[in-house]
Amino acid sequence: MARKKRKTLKVLSDEQVRETVEQYARLEIERQKLVNRLEQEVARVRSKYDERIAQLQQQLDEIFAQLQLWAERNRKRFEKKRSLDFRFARLGFRIGKPRLKAVRVKMQQVLELAKQFAPQYVQVKESLKKDAILSAR
């Protein structure tokens, strides 16, 4: 990709600076008006489809829950292969270890709460203070 060359800048007089600042402000106002108009049009188009998209998502969530329940009840079908091929899709199911993931909170917050209310789930690791050893030399 070719690089754009920047125009060489001129040393401006005080009057030229005032005019340039005015021009910059006018251009920025025009740009912002266009951005606002674009956002309004996007919002109008989005609102046209939002309700139907929400309905479809709800149906998808219900079907997904049914498929997940079926897969959990038929774990043996996924022992050799982790997925089953169908005409329109591939149904995958993990049998391995579940993963702990914090949703809408940070793991540090979860750790602090666990220290207070469930210390049996907190693991403490011991290690050498390498920086202290090196500084004591």
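**Exercise 1. Which residues form the largest nonpolar core, and how many are there?**

Solution. The structure is a predicted model, and the steps below refer to that model. The largest nonpolar core consists of 5 residues, namely Ala71, Phe78, Leu84, Leu91 and Phe93. As a next step, take Leu91, one of these core residues, and set aside its neighbours within four places in sequence; what remains in contact with Leu91 is Leu67, Trp70, Phe78, Arg82, Ser83, Leu84 and Phe86. Phe78 and Leu84 belong to the core and are also among the contacts of Leu91.

**Exercise 2. Determine which residues form a nonpolar patch on the surface, and place Leu12 in the chain.**

Solution. The patch is formed by Leu12, Val17 and Val21, which together have about 230 Å² of accessible area. Leu12 is found in the segment before α1, the helix that spans residues 14-73. A residue of the patch must have over 30% relative accessible area, and Leu12, with a relative accessible area of 38%, is partly exposed.

**Exercise 3. Find how many salt bridges the whole structure holds, and analyse the pairs Arg26 with Glu22 and Glu28 with Arg31.**

Solution. A search of the whole structure gives 6 salt bridges. As a general basis, side chains of opposite charge can pair when their charged atoms come close. For Arg26 and Glu22, the closest N and O atoms are 3.6 Å apart, which meets the requirement of a separation within 4 Å. Both residues lie in helix α1, 4 residues apart, or about one turn of the helix. Arg26 counts as exposed at 53% relative accessibility, whereas Glu22, at 36%, is partly exposed.

The second pair is treated likewise. Glu28 and Arg31 meet through their side chains at 2.8 Å, N to O, and they too lie in helix α1, 3 residues apart, about one turn of the helix. Glu28 is partly exposed at 30% relative accessibility, and Arg31 is partly exposed at 42%.

**Exercise 4. Explain why Glu112 and Lys115 are separated by about one helical turn, and then identify the residues that shared partners join into one network.**

Solution. Glu112 forms a salt bridge with Lys115, with the closest N and O atoms 3.8 Å apart. Glu112 is partly exposed, with a relative accessible area of 36%, and Lys115 likewise counts as partly exposed at 43%. The two residues are separated by about one helical turn because they stand 3 residues apart in helix α2, residues 107-117. Turning to the network, salt bridges with shared partners join Glu15, Arg18, Glu22 and Arg26 into one network.

Note on methods
Residues are numbered from 1 along each chain as its sequence is written. This is a predicted model: local features need pLDDT of at least 70, side-chain atom pairs count only at pLDDT 80 or more; totals for chains, interfaces and linings use all residues. Side-chain values use heavy atoms; hydrogens and water are left out. Patches are made of residues with over 30% relative accessible area and no salt bridge: like charges are joined within 9 Å, nonpolar side chains (Val, Leu, Ile, Met, Phe, Trp, Tyr) within 5 Å. Accessible areas come from the Shrake-Rupley method with a 1.4 Å probe; for residues, only the protein chains shown count as cover. Buried means under 20% relative accessible area, exposed over 50%, partly exposed in between (1.4 Å probe, protein chains only). A nonpolar core is a set of buried Ala, Val, Leu, Ile, Met, Phe, Trp, Tyr and Cys residues joined through side-chain atoms within 4.5 Å. Contact means heavy atoms within 4.5 Å.
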